[in-house]
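Dear colleague,

Here is the structure that I promised to pass on to you. Please have it open while you read the notes below.

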Amino acid sequence: MNNAVVAPETTESIVVSRLRKSYERAPGSGATYAIDDVSFEVPKGQFVTLLGPSGCGKTTTLRCVAGLEQAQEGRIDMAGQVVFDAAGNRNVRPEDRPIAMVPQSYGIWPHMKVIDNAAFPLRYGRNRRRVKDVRGRSMQMLEQVGLSAMADRWATQLSGGQQQRLAFARALLCEPEVLLLDEPLSNLDAKLRAQLRQELRSFQEQFGVTALYVTHDQAEALALSDLVVVMNQGRIEQIDTPQRVYDHPRSAFVADFIGSANLFAVEHVSRQDGGVLVKTGIGAVLCGNSTAELDPSGGFVCVRPENVRVRAARGDLPVLGDNQFLGTVVSSEFLGDRLEVVVRIGDVSLTAVARADFACGPGQDIEVTLDPATTSYLAR
Amino acid sequence: MSQVEVGPAPAAGAVEPPPRAPSAPVGGRRRRLAGNLVNLVMILLIGYLVLVPLVILLYSSFKASTTQLPFQVAGFSLENFRRVFESGQFASVTLNTVVYVVGSLVVALVLSTGLAYLMERTDIPGRRFLSPMALSPMAVPVTVMAIAWALVANPVNGPLAVLLRQTLGLSIDIYSLPGMIVVMGIFGVPSMYLMIAPAFARMNPELEEAAATIGAPLRRRLRLIVFPLIMPAMSAAAMLFVVVALEGFAIPAILGLPKQIFVFSSQIQYYVEPPTGLPNYGQASTYGVLLLAVSLVMLLVYRRRTRDVHRFRVVVGKAYRPARASLGRWRIPIFVIVCAYLFIGIGLPILTLIWTSLSPFVRPISLSGFASMTFANYGHVFAAPEIGQTLLNTAIVVLLTATAATAISTWIAVAASRRQFPGSKFLFEISSLVFGIPSVVLGFAILFLYVFIPVPPIYDTVWIIVVALVARYLPRGSRMIQTALLQIDDGLVESARVTGARPATVTRTVLLPLLRPSLRKTWLWVFAHALGELPIALVLTSSDNRTLVVELWDTFTSSGDYPTASALAVIILAISSVAVWLVNRDGTLEES
């Protein structure tokens with residue numbers, strides 16, 4: 001980037017701090033916020049995903065970063081420069097921010113040829129090239145995304161996947177500090193989506209561009225990201241690596257939204273060696289993982305179905321160890337590679353994943369083991 | 001808000017600046033200033049086009065003037081309103097207007113709903129050919145339409161009147177309230193059809209089938225399922241029709257004035273330009289204000305209704321085959337009835353017009369007449385003194401109006417959609433006020449303006465007509481562009497913006513090319529309508545700025561030389577048909 005003001009050395013491409021936006025005209029005390037006190041950082045060269053259900057504020061956040069919408073409070077730094085600061089009354093227009101964007105609908109201009117679409121940033125954007133260099137540079141990029149053969153076709157003649165690649169090529173030709181992607185795969189069919197997901201990640205790594213990606217698809221987020229920012233109702237629930245978000249969800253929402261999780265209510269909590277001991281509807285459970293603070297009024301126990309171990313009950317009165325419970329099978333579903341068993345223990349239903357050849361039927365007694373290492377306590 | 005420059009900025013105004021020009025924030029500020037200046041000029045221009053006529057109208061309605069111009073009277077009073085409400089004339093004009101508007105509304109609703117249902121939901125043969133035919137009156141300027149009907153159904157020698165008298169013993173007179181109602185009703189069919197047919201077309205047949213499987217017969221299905229679903233579209237179309245019928249001038253003037261049947265719009269024109277004596281501007285303004293009030297109420301209801309249309313929209317992403325109801329043994333008889341309507345309602349008047357234009361004198365269509373067909377009438381048209389000036393005036397008026405109205409409409413619509421400056425949305429909304437101003441009223445409001453404040457000195461020139469016509473077509477034009485803008489995905493413009501391209505560049509390279517089909521459509525639409533727009537040209541005309549349509553009016557009403565008038569009407573019809581055909585040639589017919 002050849003910015004007018006030299007950016008100080010920084011490892012963060014984007015720093016978003018305390019961003020707040022309401023769509024109401026004059027947000028009062030009871031205002032609802034589309035995004036509420038959102039802060040996160042995007043390290044240089046990394047792939048960061050904003051993940052959440054629709055209406056959680058992830059797209060609004062992205063559009064605020066792009067400058068297409070304006071927040072009421074907070075501040076956004078980009079490559080060491082303040083691009084938005086509500087307190088300082090400072091807002092850099094989108095055309096002056098060092099960004100590129102792939103919108104959900106790709107934004108491929110139907111009245112232009114493929115090459116003209118790609119060359120647009122070089123001709124009219126903030127990094128203009130000499131007229132004679134434009135075509136060469138654009139062709140080079142089209143080559144890299146595998147579209148050089150289509151360069152002189154009309155953009156509307158491209159398939160969905162090709163349009164997506166073209167949008168990506170065009171964005172990269174902006175030479176952005178940050179690439180913003182707004183659910184770029186959501187309009188494709190499942191098979192193509194998986195293929196382009198891989199391509200996207202390899203392009204991003206190849207060009208070393210920083211990416212901020214918005215999706216509601218947890219599989220996409222887990223597969224692509226260096227960091228996942230999970231959002232819900234305008235707030236950030238958790239910022240972590242994909243592994244940690246999955247293994248150590250920090251809230252019941254995250255646990256439930258990413259993958260599937262058994263969540264059941266806690267009546268009493270106390271600290272113990274090796275974790276937290278909680279009293280629940282199925283008895284005392286030792287949780288190896290826990291959120292930092294305990295909630296004396298309750299919380300949840302969270303355990304993934306694949307971490308619930310089931311075994312046929314032996315004898316009339318089986319000896320139960322710690323974190324072992326006796327339950328009744330409610331239903332079992334054969335899914336080819338595995339068996340999904342719903343077990344009832346007291347008032348609580350648990351889903352467990354068993355080997356496909358595990359034999360059980362409804363009404364049968366069953367022994368359930370929760371390993372403390374994979375069982376988490378989540379404060380409410 | 002402070003403007004911060006991050007990237008290198010090109011020099012102001014440069015289209016292809018040298019790469020990486022060193023930047024200074026001054027460039028941005030200067031561009032901002034230029035942008036604001038353009039905005040300011042446009043706001044003033046639109047305010048001038050839209051608000052000034054309204055203010056002048058209200059102002060003069062409170063001036064108790066009879067023979068003087070409104071601004072020559074001191075003080076304000078309700079004298080005009082008192083006089084209007086006390087006169088016996090008011091009651092009869094109101095009654096005529098109500099009968100005329102309601103009657104033609106019923107005719108138009110029955111015809112267009114029936115046609116739309118037949119074309120969209122039944123297996124009537126020849127749909128491909130019948131449905132464009134049903135829409136063809138769109139290409140006929142209303143003045144031409146009224147003259148054609150006067151020729152075809154006048155009681156003396158109109159072919160239709162003669163035919164009915166000879167075969168059925170019926171005597172009909174087009175110069176009557178029922179005559180006006182039928183003509184206005186037929187004229188209103190295309191625009192109504194265009195609003196109602198899509199409602200039928202997008203109705204998922206599963207909704208009807210669901211009722212059918214429960215055992216509801218066709219009649220009950222129509223009443224309980226189909227009718228409620230198209231009701232919003234129908235009532236919206238009806239509101240719009242009422243506004244158009246209220247302000248329409250050509251039909252009441254050509255078919256009503258000979259027998260002194262007045263409705264609001266022709267009454268206003270009569271006050272402004274009485275055949276004898278002096279104009280009564282006070283009365284005219286008062287009628288204008290009343291008419292405007294009714295139209296605005298209708299438009300407000302219309303806007304509510306169109307919002308309901310969205311609520312009732314039952315479009316599904318999934319494609320479905322519209323199942324058509326079978327007409328059974330009624331298939332052919334209904335087809336014949338539709339064809340008969342199309343022939344008598346549309347074909348015959350136009351044929352008679354063309355026939356008359358080729359005849360030495362007015363006579364019924366007959367085989368024997370073919371021998372004496374002549375182009376002499378067209379010769380008369382072009383031999384008339386100052387016809388060159390008239391043609392030039394018409395060309396200037398029509399071309400300039402179409403271009404200026406399209407340009408300003410685009411600006412309003414784009415500014416409103418981008419919220420370019422505070423109040424841009426409001427500006428767009430107030431431009432729709434003009435839609436409620438009857439064009440007779442708009443014409444004389446602008447007349448007052450330039451008599452009152454002769455700056456710029458355009459009174460008696462073609463420019464005054466251009467100003468009035470641009471004001472008249474702004475609301476329609478800006479709505480056509482706005483509809484097109486709504487269909488352009490935001491991502492297309494946003495992805496151009498984030499590359500760092502300047503707003504002006506984005507507009508030039510992305511937005512306008514994407515809008516091009518709609519710009520063309522809007523231009524042609526305004527072109528065709530400006531050509532046939534009678535009342536404005538009539539009120540603002542003088543010896544120096546005559547246009548073709550005024551020439552047509554004068555020839556038809558004053559000289560009584562019907563063959564020459566027909567030749568003129570055919571010329572106007574031909575030009576307008578080409579424009580309308582071009583509008584509809586590519587893509588679907590749109591609500592216009």
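The notes below go through some helices of chain B and then two loop residues of chain A.

This is a predicted model, in which local features need pLDDT of at least 70 and side-chain atom pairs count only at pLDDT 80 or more, while totals for chains, interfaces and linings use all residues. Residues are numbered from 1 along each chain as its sequence is written, chains are lettered from A and ligands numbered from 1 in the order in which they are written, and side-chain values use heavy atoms, with hydrogens and water left out.

I would begin with helix α11 of chain B, residues 264-272 (helices, H or I, of at least four residues and strands, E, of at least two are DSSP runs, numbered from the N terminus). Eight of its nine residues are buried, so the helix is largely enclosed by the rest of the structure; buried here means under 20% relative accessible area, exposed over 50%, and partly exposed in between, with a 1.4 Å probe and protein chains only. Among the buried residues of α11(B) are B:Phe264, B:Ile268 and B:Tyr271.

In helix α6 of chain B (residues 159-167), B:Pro159, B:Leu160, B:Ala161, B:Val162 and B:Leu164 are buried, and the buried residues of α6(B) pack against α5 (142-153) and α13 (331-357) of chain B. Just after α6(B) comes B:Gly169, with a positive phi of about 75 degrees.

The axes of helices α16 (residues 424-431) and α18 (residues 462-487) of chain B come within 8 Å and cross at roughly 130 degrees, the axes being lines fitted to C-alpha atoms over the stretch in contact, with angles that run from 0 to 180 degrees between N-to-C directions. That makes α16(B) oblique to α18(B), because angles under 35 degrees count as roughly parallel, over 145 as roughly antiparallel, 65 to 115 as roughly perpendicular and the rest as oblique. The contact (heavy atoms within 4.5 Å) involves residues including B:Phe428 of α16(B) and B:Arg479 of α18(B).

Turning to chain A, most residues other than glycine have a negative phi. A:Glu183, in the loop between β8 (178-182) and α5 (190-207) of chain A, has a positive phi near 40 degrees, and it counts as buried at 8% relative accessibility. A:Asn323, although not a glycine, has a positive phi of about 55 degrees; it sits in the loop between β17 (308-312) and β18 (324-334) of chain A and is buried, with a relative accessible area of 6%.

With best wishes
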